[in-house]
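Let's take a walk through this one together. Have the model open in your viewer and follow along as we go.

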Amino acid sequence: MFAISKSFSSKPLRALIAASVFGFALAGCSDDEVGDVSLGLFTTKDIKIQIFNDPEVPGVTCHISHVKADLDFSDPSDMGISCRQTGEITPEMIANVDRSKSGEVVFTASKSILFKSMKIRRIFDSKNQTLMYLSYSTKETQGSHKHSLSTVPLWGTKAWQAPAEDK
């Protein structure tokens, strides 16, 4: 049987330990998590695969893969993204999409207690009638901001508009 020293018997410390264990248990129960791949027996790092449905364009689903390090203060910055049309995309949906060159942030997830996060930004390429989804880390790691890009062309959807003829 394990003995608990007096330093571990204080109520605030026990509450902190219980909350941490409960938090780790809930982290694995996310509704948007569709995959979990262990990186090995002797590591606390796993590759998590989450789904993200675009709030403005619900006909687009993205799958995001990223490394989750359960016992570290910061998760690695590497990530991947793949987005596809999984439902109808209408002109009304595209009308609500930000048209600026920097687009808009449509998803954010914390990757560290020290202000590092993973973001997904939707950018609309009107010339090619394509939605672009850029996932990126907000903190430089080993001289680089990690990022990944996926595109969803509007060709074949109700939202597609033929380019204007050049005169």
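What follows goes from the overall layout to the strands, then to the core and a few single residues.

First, a word on what you're looking at: this is a predicted model. The chain has 167 residues, and 32% of them count as buried. It holds two helices and eight strands, and if you read along the sequence you get α-β-β-β-β-α-β-β-β-β. The accessible surface comes to about 11000 Å², with 59% of that belonging to carbon and sulfur atoms. If you like contact maps, take the contacts between residues at least 6 apart in sequence: 42% of them join residues at least 24 apart.

Now to the strands, starting with β2, β3 and β4. Strand β2 covers residues 45-53 and pairs with β3 in the antiparallel sense, over nine bridges. The two form a hairpin, with six residues between them. To find your bearings there, look for Lys 48, which stands opposite His 66 in β3. On to β4 (residues 79-85): seven bridges join this strand to β3, and the two run antiparallel. Here the pair to look for is His 63 and its bridge partner in β4, Ser 82. So how covered is β3 itself? Strand β3 spans residues 60-69, and seven of its 10 residues are buried, which makes it mostly covered.

Further along the chain there's an open sheet of four strands, in the order β5-β6-β7-β8, with antiparallel pairing. Its edge strands are β5 (104-110) and β8 (147-153), each pairing on one side only. On average, neighbouring strands of this sheet are turned by 15° against each other, direction ignored. Between β5 and β6 (residues 117-125), which run antiparallel, there are six bridges. One residue pair to pick out is Ala 109 with its bridge partner Met 118 in β6.

What about the interior? In soluble globular proteins, nonpolar side chains tend to be buried together. In this model, the largest nonpolar core has 23 residues, and the members that touch the most others are Val 57, Val 60, Ile 89, Ile 94, Ile 120, Leu 131 and Tyr 133. The elements giving two or more residues to this core are β3, β4, α2 (91-95), β5, β6 and β7 (130-137). Ile 120 is a good place to zoom in. Leaving aside neighbours within four places in sequence, the contacts of Ile 120 include Phe 52, Ile 64, Ile 81, Val 105, Phe 107, Tyr 133 and Leu 134.

Next, try Arg 84, which sits in strand β4. Buried or exposed, or something in between? Arg 84 counts as partly exposed because its relative accessibility is 48%, and the exposed class begins over 50%. Its sequence-distant company is worth a look: beyond four places in sequence, Arg 84 is in contact with Gly 59, Val 60, Thr 61, Ser 150 and Val 152. Arg 84 and Val 152 are 68 residues apart in sequence, yet 5.8 Å apart in space, C-alpha to C-alpha.

Last stop, the aromatic rings. The count comes to two aromatic pairs. One of them is Trp 155 with Trp 160, an edge-to-face pair at 4.7 Å centre to centre, with 85° between the planes. Trp 155 counts as exposed because its relative accessibility is 63%, whereas Trp 160 is partly exposed, with a relative accessible area of 30%.

Definitions and conventions:
Residues are numbered from 1 along each chain as its sequence is written. This is a predicted model: local features need pLDDT of at least 70, side-chain atom pairs count only at pLDDT 80 or more; totals for chains, interfaces and linings use all residues. Side-chain values use heavy atoms; hydrogens and water are left out. Buried means under 20% relative accessible area, exposed over 50%, partly exposed in between (1.4 Å probe, protein chains only). Contact means heavy atoms within 4.5 Å. Accessible areas come from the Shrake-Rupley method with a 1.4 Å probe; for residues, only the protein chains shown count as cover. Rings of Phe, Tyr and Trp (its six-membered ring) pair if their centres lie within 6.5 Å; planes under 30 degrees apart count as stacked, over 60 as edge-to-face and the rest as tilted. Two strands pair if DSSP finds at least two bridges between them. Axes are lines fitted to C-alpha atoms, for helices over the stretch in contact, and angles run from 0 to 180 degrees between N-to-C directions. A nonpolar core is a set of buried Ala, Val, Leu, Ile, Met, Phe, Trp, Tyr and Cys residues joined through side-chain atoms within 4.5 Å.
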